[in-house]
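Trainee: I am new to this structure. Could we go through it by question and answer?

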Amino acid sequence: MVRPPVDLSVNVGGLALRYPTLMGSGCYGTGAEFAPFADLSRIGAIVLKSATLAPRLGNAMPRLVHTPAGLLNAIGLQNPGIDWLVEHEIAALGGMPCPIVGSAAGFSVDEYAQVCGRLDASPEISAIELNISCPNVASEGETFACDANLTASVVRAARAATRKPLIVKLSPNVTDIAAIAREAERAGADALAVVNTVRGMAIDVERWEPRLGNVAGGLSGPAIRPIAVLAVYEVARAVRIPIVGQGGIANASDALEFILAGASAVGIGTANFLDPRVPERIAVELAEYLASRNLRAISEIVGRANAGFATPEQREGDAG
Amino acid sequence: MAVSASRVHETRVVARIEATAGVVVLRMQAPELAAIARPGQFVMAIPPGEASAAVALGLYDADAESVSLLFFVAGKRTKVLAALRPGEPLVLLGPLGNGFDLRDAPKDVAIVAGGVGIASVLLAALELLRAGARVRLFYGARTARLLVERERFASAGCEIVLATDDGTAGLRGFVTDALASAHMPALILACGPTPMLRATATIAASANVPAQLALEETFACGVGGCWGCVVPLVQESAQAPHFPKTRDGIVRARICAEGPVFSASELRW
C-alpha cells in the first residue's frame, strides 16, 4: 500500500511554512550566506539577524567560545541599522525559496515599534520576530523579556506597528517564563519563540580573565536543550498561541521533544555551525517518524507529551 | 538564488601523515574542491560523531585530485579529525574566504608563518615559485619539533629562515625578529598568531612594503552568517562590509567572509 505523503507544513501564528524549521536569528545571516551549503527550498523560514534603529558595531572580540556541549556567544547585535538593512539587504531577498522573518531589537519601546514598522513595510518580510531577550547588550537588551510589564508594553507597541505575524522571543533567564508568556500573548503576540540563549561565561585560566570580550555571553547548543524543552512545556500550558521551540536542536529526535512538549515548529541555530544540512535532514527524518507511525501530519503530535496542553489546533485534532 | 548545495564536498581520506606528535596532515580525494581552491582559502570540516561545530582549517596543499589539510590536535573536534583513517569519509564545506591576492605579485616575496599558520601558506608559495618569484619562508614555532613540513617548502624551492622560542632550531626568538633583520622583500604574506601578525604589520609599514595578513580566529559558522569573528578595518577598505559610516570611520569586517586575508595597512586592530 502506498502511504499518502506526510504533511510537515505548519502555521505559526499566521506564518505558513512548508517545513516546521526556522533558521535561528543571528545564526544564518540573510540566508544567502548558506545558499551554497543548504537547500533553502527545504527549510521552513529564515529569521534574519536582529536589527536596531541605528547601526551598531557590536561587542569587542572575542565574541565566541566553543564549550563542551555548545557555544557561548556575545556578538552584541552588530548590524547596519534597520534603514540600511531594508534598502540593501532585505530588498535583495525577493527570490528566496522560503519565507523571510525579520527580527527587531531595540533599547526602548519606541525603538522596537519603529523597527517593526520598517519591517512591516517591506514586502519581502513575511513575519516579525521581536527579540526582547538578547543577553549580550550592555544595558536593557534583555530587561524587556525579564519583566512581565515591560514585555507587555513592548509587545503592545510592536503589535500596533505591524499586522504581520508577530513572534515574541522569550528569555530562559527568568524565574517564571509562563508568566512572561501570558503577558506577551495578552499584549497581542501571534506566536512565541522559546527560548533565546542561556547566560553564561568562560574564564581563561592561563590569563586569569574572561574569555569573551563582553565577559558574559549566551549559551546555545545541546547543553541548553533540557532547559529549553522544559520552558516550552511550561509555556505551552500557559498560552494558546503557537510556539517555536528552540535550544540545542541538532536532529529529528531533538526536534520531536520540543514538538511533543507543545511547539508547533522548531528553531535551528547552532546546529547549522556543525552542518548546514541539519535542517533538511531533520525534515526528512520527521517525515519518516510520522510515516512509521501512520501519522499524516506533524501538527497531529504537537503537545502530545504535555497533558496540560491545549491550543485551538490541538483541541480540533482531538475532536477529529 | 542558488538552491543547490554546490560547495558541500563529500570527500574520502586517502592519506594520513603525522608530521610530528599532535600535528596531522590529512589528504582527501576532492577533485572539485581542488580545482577551485586558491591560496589562503580555508574549509569547514565536519567532524563525524557528536561534535557541536565544524572546524575551520586552512587548505594546505592541493593537486588535481586531492586537497590536504594540516592541523594541530588541540581539542575534542581536532582529535576526532585526527582519528580519521584512509578510506573514511569527511565532509568539507568550501573553499571559503578570499585568499591571498597574488595577481601581479612581485618577484621577491617573504612569507611569514608561525605555528599552525604554516597550514595556510604553502599554496601561495607554490604559485609564486611557479611564476618565477624568489620566495623566502620565515618560519617560527615554540620548538624545532613543531617546525613541520620544512622539506615540502624547501624542495619546492623556498629559502627558509627558522626561529624558535627555545633556540632548538634557527634564531632563538621571534620569527619577526628574523624578518626585521633581513633584506626587505617587495611583498609580505603572513599567517600565524595575532602578535606575530601585528609585528609583521609594523615591520612592513616601516619598510613601506605591502603585507597581506591571513588572520586566525575562532569561527562559529565560517561562512559569514554569525558575525562572531570580526576585525576593525578602515572604512575606505575595499574589504569593508557595505555598512553605513560610523563616527570614527571604523567598520568591523568578518574574518571568515571578507577575509581571512587583509591588507595590513587597512587593519585598525
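Mentor: Start with a loop. This is a predicted model, and in chain A a loop runs between β4 (45–47) and β5 (64–67). One residue found there is A:Pro62.

Trainee: Which residue does a cis peptide bond join to A:Pro62?

Mentor: Look at the bond itself. Its omega is about -10 degrees, and the bond is cis. The partner of A:Pro62 is A:Met61.

Trainee: Chain B also has a cis peptide bond, between B:Gly94 and B:Pro95. In which strand is B:Pro95?

Mentor: The omega of that bond is about 5 degrees. B:Pro95 has its place within residues 89–96 of chain B. That strand is β6.

Trainee: Which residue in the loop between β6 and β7 (108–114) of chain B has a positive phi?

Mentor: Phi is near 55 degrees there, in a residue other than glycine. The residue has 79% relative accessibility, so it counts as exposed. It is B:Asp104.

Trainee: Is A:Val215 buried, partly exposed or exposed?

Mentor: A:Val215 is in the loop between β13 and β14 (217–220) of chain A. Its phi is positive too, near 70 degrees. Its relative accessibility is 37%, and partly exposed lies between 20% and 50%. So A:Val215 counts as partly exposed.

Trainee: A:Val215 helps to make a nonpolar surface patch. What is the area of that patch?

Mentor: The other residues in it are A:Met201, A:Ile203 and A:Val205. Of these, A:Val205 sits in the loop between β12 (203–204) and β13 (209–210). A:Val205 is exposed, because its relative accessible area is 62%. The patch covers about 370 Å².

Trainee: Now the interior. Which helix gives the most to the largest nonpolar core?

Mentor: That core has 145 residues. Among the residues that touch the most other members are A:Ile46, A:Leu130 and A:Val168. The helix asked for spans residues 225–238 of chain A and gives 7 residues. It is α5.

Trainee: How many residues are in the second, separate core?

Mentor: Nonpolar side chains tend to be buried together in soluble globular proteins. The second core includes B:Leu59, B:Ala105, B:Leu126 and B:Val148. Its count is 59 residues.

Trainee: Which cysteine does A:Leu130 touch?

Mentor: Leave out residues up to four places away in sequence. The contacts then include A:Ala104, A:Tyr112, A:Val154 and A:Leu166. The cysteine on the list is A:Cys116.

Trainee: Is B:Gln212 buried or exposed?

Mentor: B:Gln212 is in strand β12 (residues 211–214) of chain B. Among the residues touching B:Gln212 are B:Phe100, B:Leu187, B:Val261 and B:Phe262. Its relative accessibility is 13%, and the cut-off is under 20%. So B:Gln212 counts as buried.

Trainee: Step back to the whole of chain B. What is its radius of gyration?

Mentor: Chain B has 6 helices and 15 strands. The globule rule gives 18 Å for 269 residues, and the chain comes close to that, so it is as compact as a globular protein of that length. Its radius of gyration is 18 Å.

Trainee: What percentage of the residues of chain B count as buried?

Mentor: The C-alpha atoms fill a box of roughly 50 × 50 × 35 Å. Chain B exposes about 10900 Å², with 52% of it supplied by carbon and sulfur atoms. Of its 269 residues, the buried share is 57%.

How values were computed
Residues are numbered from 1 along each chain as its sequence is written. Chains are lettered from A and ligands numbered from 1 in the order in which they are written. This is a predicted model: local features need pLDDT of at least 70, side-chain atom pairs count only at pLDDT 80 or more; totals for chains, interfaces and linings use all residues. Side-chain values use heavy atoms; hydrogens and water are left out. Patches are made of residues with over 30% relative accessible area and no salt bridge: like charges are joined within 9 Å, nonpolar side chains (Val, Leu, Ile, Met, Phe, Trp, Tyr) within 5 Å. Accessible areas come from the Shrake-Rupley method with a 1.4 Å probe; for residues, only the protein chains shown count as cover. A salt bridge is a side-chain nitrogen of Lys or Arg within 4 Å of a carboxyl oxygen of Asp or Glu. Helices (H or I, at least four residues) and strands (E, at least two) are DSSP runs, numbered from the N terminus. Buried means under 20% relative accessible area, exposed over 50%, partly exposed in between (1.4 Å probe, protein chains only). A nonpolar core is a set of buried Ala, Val, Leu, Ile, Met, Phe, Trp, Tyr and Cys residues joined through side-chain atoms within 4.5 Å. Contact means heavy atoms within 4.5 Å. The radius of gyration is taken over C-alpha atoms; the globule rule is 2.2 Å times the number of residues to the power 0.38.
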